[in-house]
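I sat down with this one to go through helix packing, odd backbone spots and a few single residues. My notes follow in the order I looked things up.

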Amino acid sequence: MALSDELATGSPEEQEVDAGREPDAPACVGALESFGESVETRELLGRLKDVHGDLAAREVALERFRVIMDKYQEQPHLLDPHLEWMMSLLLDMVQDKTSPPTLVHLAFKYLYVITKVRGYKVFLRLFPHEVADVQPVLDMFANQNPRDHETWETRYMLLLWLSVTCLIPFDLSRLDGNLTAQPGPARMSIMDRILQLAESYLVVSDKSRDAAAILVSKFITRLDVKQKKMAGFLDWTLHTLAHSSFQTIEGTITMDGVLQALAQIFKHGKREDCLPYAATVLECLNNCRLSDSNQTLLRKLGVKLVQRLGLTFLKPKVAKWRYQRGCRSLAANLKLSTQRQNEPHSGTPDEEEDCDVPEEVETVIEQLLAGLKDKDTIVRWSAAKGIGRMAGRLPQDLADDVVGSMLDCFSFQETDNAWHGGCLALAELGRRGLLLPSRLTDVVAVIQRALTYDEKRGACSVGSNVRDAACYVCWAFARAYDPTELRPFVAEISSALVIATVFDRDVNCRRAASAAFQENVGRQGTFPHGIDILTTADYFAVGNRANCFLVISVFIAGFPEYTQPMIDHLVAMKISHWDRVIRELSAKALRNLAQCAPEYCATHVFPKLLCLTQSPDLHARHGAILACGELTCALHRLAAQGNRPVTDYLNEKTLEGLKQIHQQLYDHQLYRGLGGELMRQAVCILIENLSLSKMPFKGDALIEGWQWLISDTLRSLHLVSSHSRQKVKETAVSALAALCGEYYVREPGEAEPAILDALMQQYLAELRSPEEMTRCGFALALGALPHFLLKGRLQQILAGLRAVTRISPKDASFAEARRDSLRAIARICQTVGVNAEGVPDEVVCEANVPQIYSTLLDCMNDYTTDSRGDVGAWVREAAMTSLMELTLLLGRSRPELIEADICKQVLCCVAQQASEKIDRVRAHAGQVLLTLLHFDSPPLPHVPHREQLEQIFPRLDVAAVNWNAPSQAFPRITQLLGLPAFRYHVLLGLAVSAGGLTETTVRYSTQSLCEHMKSIEKDPQAMAAFSTTLLQLFEDHRLNDRVSVPLLKTLDQMLANGCFEVFTVEPDHPFAVKLLALCKEEIRKSKDTLKLRSSIAVFCGMIQFQGEVRKKVLLQLLLLLCHPFPTIRNATASQVYEMVLTYGEAVTGTEALEEVMAVLSDTPWDTELQLVREQRNHLCDLLQVPRPQLVTKVTPAVPMAPGRAVISQPYEDEDSPLMKK
């Protein structure tokens, strides 16, 4: 049993789930108060007669009824007041002889749904069970087909009904009358009919088998039936078992039914009736060797039957030697001053107790002990309950032998299954008072080990079920024993439960431990500081693992009874845990707990950790190194509070041990190969913590070793696995910053010249490495350097980082390197600070600000793509962040350094990103834009259209806008199209979004764009400005597929929505003429089918323009009808057909409309070009467009092939003489 399934009594308020909450932490579900769907259920049952004939209506009604009932799976008792009328309505339909079979089956389906929720034991009592009901129920079986899988609910409910009716207090033979005196063939007696039904349904493959077992248990144990039929039935079951095999499906089904029946008989039958057959059944069961079966259910039934047989062998009496606690009042336990009303009583063996125990009992106990080690929980749980029941009937000495045998399960040679089964059995024995206080010393020691049981298996571990069951044992002991019995073990149990509550890896175990601790506090009243701890570590609080390790543990460790056990547990168990996250959390927890026991940590914990740093186990070594660094940092903080050095806590031996960690790892080559990543990361964290702790290592050769490790780690990042690369890089950079800040200072603000020169030369050279990850690492390392190392080298460093941000053919895919270089530039600017009149080599000043802005703004146009997608988005995000940080830095100290043109460029580029298609980039850009706009310390100068921007993005709405949602972002950002300074960049972003692939992005961006066009269509000046910007945008990005293809799709949407309808009135409007020329130029000699398809849609939309433009557009479409690609020809024909349908006679004229449409629809445009060209030319004549003329294209031949000086290829050219009529 999992104790974590028990209802907690903590606060019912739901707490917000944060990053530390495990995914398996269950949510709190509100409890129901009553059966609220009573009226609807009555209506559903009342309509059964109307819907049973309609399959669809029947299924809908049944599904709705299931949904209603399933709501009460957790609180089925709420149905009890309504069960009687529900059953009455349904049985009336069943007993009505005029009811069709479909209605009867449907009524039984509803009955089964109710039974499934409430349980058959409660439901059985409500069935009619008069003498007159026996025969009708039996007669209903005549119409049942055991093989009909659609009506098994009917047979299941009938068998349950029959199991109640057969309990009538009359001899069943009285219902038969005089069978021999009746004419005709001999009829079977009622008894035989019921027995035959039961036997036949015990071997079926559906759930009727379970109901048949219940029927057998009720029927065979009747006084009149057991005398005549019990022996024969048991013979049949044993014969069936002997001739069935669990190797086959049929054999498994048969054995399942027979075992259920036997278990039920020996459970409900009287001992004196079952005892003569028990030994025979046990022998047959042993011969079946069910423990070898891979069927969990068969093994469970075998264990269940074995324990029932064992109970049959023993007399049913309560052991007088069992432990009796006496008063169990919670109020009495909480009032420490109240005298206990009853003293605990440990019984003594009954002098008159019959110690004659049959030999078969030993066999039963052996099988139950073996069941405790089964691989499935339900089998172990059944065996544990069997052990408890059997021990309650055994003499004290034999029961104690059973406990001793059971404690053998808790050996580390046993599997986790044995440990789990042993815990369940201990809880059962304790709960029943069969575990005497004399055994508590052994048992508590075992439970302490079980509470921390965790065995690694491959890439995971086993043991969470053992720890959960151990918590259940503690919970059971709290209820079973008087506080005086457990008082000697309070320290061990309370510490173990507290440790499991805050330091267990699994949330269910932490919650189980919290519940067990709570039970002990309430029942025992002896746990130190119990109420205070429960208030903090309740059911909900322990759901967050990080909160447990780093917050709750500190509070509990403040109580001296728990401090040392918690620290010892972290060092002994968690520092070397197999899970890396647990090791890291444990090291941080140890740092937090050190403030509660600094002397103990320094004198006892540190030596253990230093020994573990030399361990051959990778996990122990990694955790120990992390813990050494964190503990040193904690001791330094405590020493600093008293203005003392950290060496007041750490002796010479400890300092020497810390110094030797790196050298030992290096000598044993543990930075290489398997585990090298973990060691590098751990030692980098150690270097950072020791540097921050101001350890007295300055001038030591150790510093060179640390510097080598950091540099080599950054240089080897490309060899680190991708999932841990970022973490290793961050730890190395942090270690470098701390190392330089502590050990490379000659005087305050001055660096060692020799070290500085060597470091700068090496790191700047590594920026030109052919490995991208190496560039990333050293770029971030330069960005993390302290101010005194940057002094006099600023321009050189910025130049090196600037070179990394430039895109060249050989390193175009190095997006991560460019991203990290931008981050480094921003961090360096913050480190050195701003001084307008300063030296460019030392601070950010008037001389180098334009250059820095130029670098950052250039990276806003990084749209590099590779197999990973738009990797340039990483660079753009970093560039936006860096621009924001630099601008805010200048705005706080020297706003005059922000020029008007630079401020405009920054805001326009950010606004462009805020209107593009990638949600993550758009959200980041939106936040940057609003941060810059609403910055007021002081407000940024030269912000274009500040008043309008503040109206569009009011300060109060900053937190409310979800920039990730296109429905919220695009309506706001589109308003910037009305501001001349932003129009170009925002339109560029919107064009890419509206022509994208994501449905929601396309829908809302197009909708916002079209709404803006509708709002300005009556303003000629605004329309002219917008159209000019749009054409300029097209011309600037001609042949740039990233922009041109989405732009063509956007133009198609705008033309289809009538956005340029005001231009269609004027023949040959300049916008239409220019747009046509740009479209023609864009698709000239293009083989990109996506671009060609998009242009076809634009040409069809441009038909609405009047004048010569329309003729030229038609010419382009007719040219595309003879494109070399068949798919383009088909697409053109299809869209031209739709265009003709839309514009009709305006395009074709009155006479040619029908013929044009016929040619377009009937011609197979994907056939040979010669045939297609004839139909196309016919269309030219109908549309009064000059036919395109074939022009010979001459290309030079391959020089090495004599006789092939020229190759002539025909192609169509719109500029041929025929086109210039």
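I started with how α54 and α56 run relative to each other. In this predicted model, the axes of α54 (residues 1126–1143) and α56 (residues 1153–1162) come within 9 Å and cross at roughly 155°. An angle over 145 degrees counts as roughly antiparallel, so α54 and α56 are roughly antiparallel to each other. I noted the handedness too: the crossing of α54 and α56 is left-handed.

Then I listed who does the touching. On the α54 side I found A1133, V1136, Y1137, V1140 and L1141, and on the α56 side L1153, V1156, M1157, L1160 and S1161. Sorted by class, the contact of α54 with α56 has nine nonpolar residues, one polar and no charged ones.

Next I looked up a second helix pair, α4 (residues 80–95) and α5 (residues 101–118). Their axes are 9 Å apart and the packing angle is about 160°. That makes α4 roughly antiparallel to α5. The α4/α5 crossing is left-handed.

For the α4/α5 contact I wrote down D80, L83, M86, M87, L90, L91, M93 and V94 from α4, which meet L103, V104, A107, F108, Y110, L111, I114 and R118 from α5. The class count for α4 with α5 came to 14 nonpolar, no polar and two charged.

Which residues touch the most other members of the largest nonpolar core? That core holds 410 residues, and I got M69, F219, M566, F953, L976, F982 and F1060. I picked M69 for a closer look. Apart from neighbours within four places in sequence, M69 is in contact with F35, L79, M86, V113, I114 and V117. Two of these names were already in my notes: M86 is on the α4 side of the α4/α5 contact and I114 on the α5 side. I added a reminder that in soluble globular proteins nonpolar side chains tend to be buried together.

I moved on to α41 (residues 849–858) and asked which of its residues are buried. The buried set in α41 is V849, I852, Y853, T855, L856 and L857. What covers them includes α39 (794–805), α40 (815–832), α42 (872–893) and α43 (900–914).

That last helix took me to V910, which lies in α43. Is V910 buried or exposed? At 0% relative accessibility, V910 counts as buried. Leaving out neighbours within four places in sequence, I found V910 in contact with M860, M880, A925, V928 and L929. I also checked a long-range pair: V910 and S438 are 472 residues apart along the chain, and their C-alpha atoms are separated by 76 Å.

I made a similar check on P1188, which sits in the loop between α57 (1169–1183) and β7 (1189–1196). P1188 has a relative accessible area of 9%, so P1188 is buried. P1188 and L1118 are 70 residues apart along the chain, with their C-alpha atoms separated by 8.6 Å.

Backbone next. Most residues other than glycine have a negative phi, and most peptide bonds are trans, so I went after the exceptions.

Where does N643 lie? I found N643 in the loop between α31 (618–641) and α32 (652–667). Its phi is near 55°, a positive value in a residue other than glycine. N643 has 75% relative accessibility and therefore counts as exposed.

I stayed in that loop for R644, which is also placed between α31 and α32. R644 has a relative accessible area of 35%, so R644 is partly exposed. Setting aside neighbours within four places in sequence, R644 is in contact with L638, A639 and Y649.

K694 was another positive phi on my list, near 55° and again in a residue other than glycine. K694 is found in the loop between α33 (676–692) and α34 (701–715). With 52% relative accessibility, K694 counts as exposed, since the cut-off for exposed is over 50%.

My last lookup was a cis peptide bond. The bond from S937 to P938 is cis, with omega near -5°. I placed P938 in the loop between α44 (919–933) and α45 (946–952).

Terms used:
Residues numbered from 1 in each chain as written. Predicted model: local features only at pLDDT ≥ 70, side-chain atom pairs only at ≥ 80, totals over all residues. Heavy atoms only, no water. Core = buried A, V, L, I, M, F, W, Y, C linked by side-chain atoms within 4.5 Å. Buried < 20%, exposed > 50% of the residue type's maximum accessible area, 1.4 Å probe, protein only. Contact = heavy atoms within 4.5 Å. Axes fitted to C-alpha atoms, helices over the stretch in contact; angles between N-to-C directions. Helix = DSSP H or I, 4+ residues; strand = E, 2+ residues; numbered from the N terminus. Parallel < 35°, antiparallel > 145°, perpendicular 65-115°, else oblique. Left-handed = near helix turned anticlockwise from the far one by under 90°. Nonpolar A, V, L, I, M, F, W, Y, C, P; charged D, E, K, R; others polar.
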